[in-house]
Amino acid sequence: TFYATMALEEIYPEAAAYICCVGIDISDYIVKALRLGMDQEYSANVVSAIRSRKHRIHADTQISFEWARFLTRAIGVSVRDDELAGKMGFARKPWQTKKIQDKIIRSSQ
């Protein structure tokens with residue numbers, strides 16, 4: 001998810017996606033939306049955390065790279081990941097490590 005990619009909890013622990021912004025059901029979502037709308041200090045902290053990490057979403061070249069990996073495999077083109085990355089000018093950022101990606105996948109299940 002976008003929130004997991006931004007790792008908001010590193011800036012403001014209460015802004016972890018599962019705490020502030022993503023509901024597990026409708027009533028949970030309503031509770032979270034109400035808190036964001038009614039608690040000005042909490043809301044300001046969450047907004048600040050999102051603003052400071054939004055570049056991780058907007059500048060995420062990994063999305064294009066992962067689509068290229070998928071499409072080359074889907075059409076049967078054999079290309080190594082490092083070769084494809086070089087052709088695309090893609091280099092992983094520190095927050096795009098396999099460890100972080102595994103964490104994102106686990107949290108979204």
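A nonpolar patch of about 590 Å² sits on the surface of this predicted model, built from Ile 26, Tyr 29, Ile 30, Leu 34 and Met 38. One of its members, Ile 26, belongs to helix H3, which runs over residues 26-38. With a relative accessible area of 67%, Ile 26 is out in the open and counts as exposed. Helix H3 also has the highest mean pLDDT among the elements, at 93, while helix H8 (residues 98-107) has the lowest, at 62. Across the whole protein the average pLDDT comes to 82, and 83% of the residues score at least 70.

Next comes helix H4, covering residues 40-53. Its 14 residues stretch 20 Å from the first C-alpha to the last, close to the 20 Å expected at 1.5 Å a residue. Tyr 42, Ser 43, Val 46, Ala 49 and Arg 53 are the buried residues of H4. They take up an arc of only 130° around the axis, so they end up on the same side of the helix. That fits the general geometry: an α-helix has 3.6 residues a turn, so residues three or four places apart point the same way. On the face of H4 turned away from the buried side are the exposed residues Gln 40, Glu 41 and Arg 51.

As for charge pairing, the structure holds 9 salt bridges. One of them brings Arg 53 and Glu 10 together at 3.1 Å, N to O. This pair links distant parts of the chain, with Arg 53 in helix H4 and Glu 10 in the loop between helix H1 (2-6) and helix H2 (17-20), 43 residues apart. Arg 53 counts as buried because its relative accessibility is 13%, below the 20% cut-off.

The loop between H1 and H2 also holds Glu 14, and Arg 35 is in helix H3, so their pairing ties together parts that are 21 residues apart in sequence. The salt bridge between Glu 14 and Arg 35 has an N to O distance of 2.9 Å. Both partners are partly exposed, Glu 14 at 33% relative accessibility and Arg 35 at 34%.

Further along the chain, Arg 69 and Asp 81 form a salt bridge at 3.2 Å, N to O. Here the link runs between helix H6 (residues 62-74), home of Arg 69, and helix H7 (residues 81-88), home of Asp 81, with the two positions 12 residues apart in sequence numbering. Arg 69 is partly exposed at 22% relative accessible area, and Asp 81 is partly exposed at 32%. Salt bridges with shared partners join Glu 66, Arg 69, Arg 73 and Asp 81 into one network.

Note on methods:
Residues numbered from 1 in each chain as written. Predicted model: local features only at pLDDT ≥ 70, side-chain atom pairs only at ≥ 80, totals over all residues. Heavy atoms only, no water. Patch = residues over 30% accessible without salt bridge, like charges linked within 9 Å, V, L, I, M, F, W, Y side chains within 5 Å. Areas by Shrake-Rupley, 256 points an atom, 1.4 Å probe, with all protein chains shown as cover. Salt bridge = Lys/Arg side-chain N within 4 Å of Asp/Glu carboxyl O. Helix = DSSP H or I, 4+ residues; strand = E, 2+ residues; numbered from the N terminus. Buried < 20%, exposed > 50% of the residue type's maximum accessible area, 1.4 Å probe, protein only. pLDDT = per-residue confidence, 0-100. Expected span 1.5 Å × (residues − 1). Arc of directions from axis to C-beta.
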